[in-house]
Amino acid sequence: MLFSRVPGITIATDIICGFPGETDQDFQETVKLVEEYKFPSLFINQFYPRPGTPAAKMEQVPAQVVRYFSCKVLYLANSYKNAAL
């Protein structure tokens, strides 16, 4: 594993919640990833369709679902960060 080979390494990631086409199953895979790796540096964003981009023309995930996804990931990240304090 990388952590044993590189002492002191920190892995950061960005998560975009609510990208067009994201399903509940997709989101559960994201949750599993966060639970497994407990990223010490995690940036959580809600998808925003920028005009003129291909993603803006795709079917959007409902806003309340996007908020739920982002809040759930934030709560999860805070739960393991606060436990380490």
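1. Let me start with a loop: K38 sits in the stretch that links α2 to β2. Please keep in mind as you read that this is a predicted model. The backbone at K38 caught my eye, since its phi is positive, about 45 degrees, although the residue is not a glycine. As for its surroundings, K38 is partly exposed, and its relative accessible area comes to 45%.

2. Just before that loop, have a look at E36, which belongs to helix α2. Is E36 buried or exposed? With a relative accessible area of 56%, E36 is exposed, because the cut-off for that class is over 50%. If you would like a distance to check in your viewer, try E36 and K57: they are 21 residues apart along the chain, and 33 Å separates their C-alpha atoms.

3. Now to the strands on either side of α2. Strand β1 covers residues 12-17 and strand β2 covers residues 41-46; the two pair in the parallel sense, with six bridges between them. One place to find this pairing on screen is T13, whose bridge partner in β2 is L42. Between the two strands, the chain runs from β1 through helix α2 (residues 24-37) and on to β2, a β-α-β crossover that is right-handed.

4. Helix α2 also has a helical neighbour to consider. How do α2 and α3 pack? Helix α3 spans residues 63-83, and its axis lies 10 Å from that of α2, at an angle of about 15 degrees. That makes the two helices roughly parallel, because the angle falls under the 35 degrees used for that class. The crossing of α2 past α3 is right-handed. Do take care to keep the two descriptions apart: one handedness belongs to the β-α-β crossover through α2, the other to the way α2 passes α3.

5. Finally, a word on the cysteines. How many disulfides does the structure hold? The count is zero. For C17, the closest cysteine sulfur is the one in C71, and the separation is 9.0 Å, which is too far for a bond, because a disulfide needs the two sulfur atoms within 2.5 Å. Taken from the other side, C71 is in no disulfide either, and its nearest cysteine sulfur is that of C17. C17 itself is buried: its relative accessible area is 1%, so it falls under the 20% limit. In sequence, residue 17 is also where strand β1 ends, so you can pick up C17 in your viewer by following that strand along residues 12-17.

Conventions. Residues are numbered from 1 along each chain as its sequence is written. This is a predicted model: local features need pLDDT of at least 70, side-chain atom pairs count only at pLDDT 80 or more; totals for chains, interfaces and linings use all residues. Side-chain values use heavy atoms; hydrogens and water are left out. Buried means under 20% relative accessible area, exposed over 50%, partly exposed in between (1.4 Å probe, protein chains only). Two strands pair if DSSP finds at least two bridges between them. Helices (H or I, at least four residues) and strands (E, at least two) are DSSP runs, numbered from the N terminus. A crossover is right-handed if, with the strands pointing away from the viewer, the path from the first strand over the helix to the second runs clockwise. Axes are lines fitted to C-alpha atoms, for helices over the stretch in contact, and angles run from 0 to 180 degrees between N-to-C directions. Angles under 35 degrees count as roughly parallel, over 145 as roughly antiparallel, 65 to 115 as roughly perpendicular and the rest as oblique. A crossing is left-handed if the near helix is turned anticlockwise from the far one by less than a right angle, and right-handed if clockwise.
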